Amino acid sequence: MERRVLRTAGAPPLFPCLKSGGANLSRERREKMEINPIIKEVTTDCNLRCKYCFFAKQERRRNRVSTAMLRTIVGKICECNPDNQEIIFYWHGGEPLLAGIDFYNQAVEFQQRFKKSGQKIRNAIETNATLLNSEWADFLSKKGFETGVSLDGPRKYHNEYRRYPDGRGSFDDVMKGVEVLKNNGIEFRVLAVVNKKSVLAPEEIFKFFSLNEISNSVNLAPALGIETGHGLSFECSVEPVSYIDFLIKIFDFWMKTDKSELKILPLESIVRAFLGFSQEDCRFAGECRKSIVVEYNGDIFACNTYGYGDFFKFGNIKNGVEAILDPQKSSKYKNYLDFLRKIKTGCFKCKWYRICKGGCPGWYYLGGGKNILCQDFKRLFRYIQRNLERYQLI
């Protein structure tokens, strides 16, 4: 796909992708295996009890990745990826900081030991920020860990669902952690969950992140529940129509802001797709094969987006990643790939397919086989298209 010639006269100074240029969508497709693991080093253990958490309905376990298993995970991931490959290790939880600094020092040591000569290793960690201190900041800075912070917006919206086990809100402690990162010059992205309460306050949410200059990258992800005959079966969940209405209003505010470096997902991802730039947002990348979830005991699952079950469990990393994720050898993985292809069979002729690539497979899972966000995202695509045409960007 050829990159479009951009006519930006009169355009608002927002889209960061216009300033960075971005990569062309025609990037060479790799034939060899490319796997970036999401490692659940502390399984479901967390110091918070967020009401919409992936694991809210599961028993909190204190299982941790052992040193021996950590060595196996790092070794197997480096082994399965080709030479000259960039590998990203995503450290998740529960709350990943509970694993301790020594754990991550050991992980970095194993990465240096097992990586192939041409491989480049990156690490990314997602934290609720309540445990951050100067020692953690020093480690994250020296080891180059990319950092994500979970922060839902102003105090009243964040504290509504992100609480400690005793019911206390976590906002003040999160903001202390944010200050630790900023005082140490550590850039970080924000994950803000749009829930039943905050979806009604797009202007407050936007002003909080833009005026306070907390981060240049904010991902506004919806709290979605399982679709039933009576709507979404989740106390904190947001209806798709309300979430898209929220994003449309956020887009309007974003168009008018003078914060030219502010990147708001998924809006930035959609704009990139319209402009012909490469798509880094997995929700709109059209593939669901580069990332795997690795549990504390080495069990390999599909993405965290799905509920856990035997269908999404492929095997154990001790047996080797290539054997588990080779559809010629693994019937479980072959069935999973067939599932991914089947759910998007109706998408290929859609006019918006080039923008969303059918969307996240997890949205089909939540919708019982039907993309729970499809129809409403089309409204957003039309709205953004009209605005880009208005400024002669497409």
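These legends go with several close-up views of a predicted model.

**View 1. The whole chain, with its 14 helices and 12 strands.** Helices are DSSP runs of H or I with at least four residues, strands are E runs of at least two, and both are numbered from the N terminus. Of the 394 residues, 53% count as buried (under 20% relative accessible area with a 1.4 Å probe, protein chains only). Take contacts (heavy atoms within 4.5 Å) between residues at least 6 apart in sequence: 71% of them join residues at least 24 apart.

**View 2. Helix α8, residues 240-256.** At 1.5 Å a residue, its 17 residues should span 24 Å (1.5 Å times one less than the number of residues), and the end C-alpha atoms sit 25 Å apart, which agrees. Its buried residues include Y243, F246, F251 and W254.

**View 3. The largest nonpolar core, 102 residues.** Such a core is a set of buried Ala, Val, Leu, Ile, Met, Phe, Trp, Tyr and Cys residues joined through side-chain atoms within 4.5 Å. W91, L220 and F377 have the most contacts inside it. Helix α8 gives the most to this core, with 9 residues. Another core, of 9 residues, lies apart from it, with C46 and Y52 among them.

**View 4. Two stretches with pLDDT under 50: residues 1-8 and residues 23-31.** pLDDT is the predictor's confidence in each residue, from 0 to 100. Beyond four places in sequence, the model has 23 contacts for residues 1-8 and 19 for residues 23-31. The protein chain averages 88, and 87% of the residues score at least 70.

**Notes.** Residues are numbered from 1 along each chain as its sequence is written, and side-chain values use heavy atoms, leaving out hydrogens and water. Local features need pLDDT of at least 70 and side-chain atom pairs count only at 80 or more, while totals for chains, interfaces and linings use all residues.

Notes. Buried < 20%, exposed > 50% of the residue type's maximum accessible area, 1.4 Å probe, protein only.
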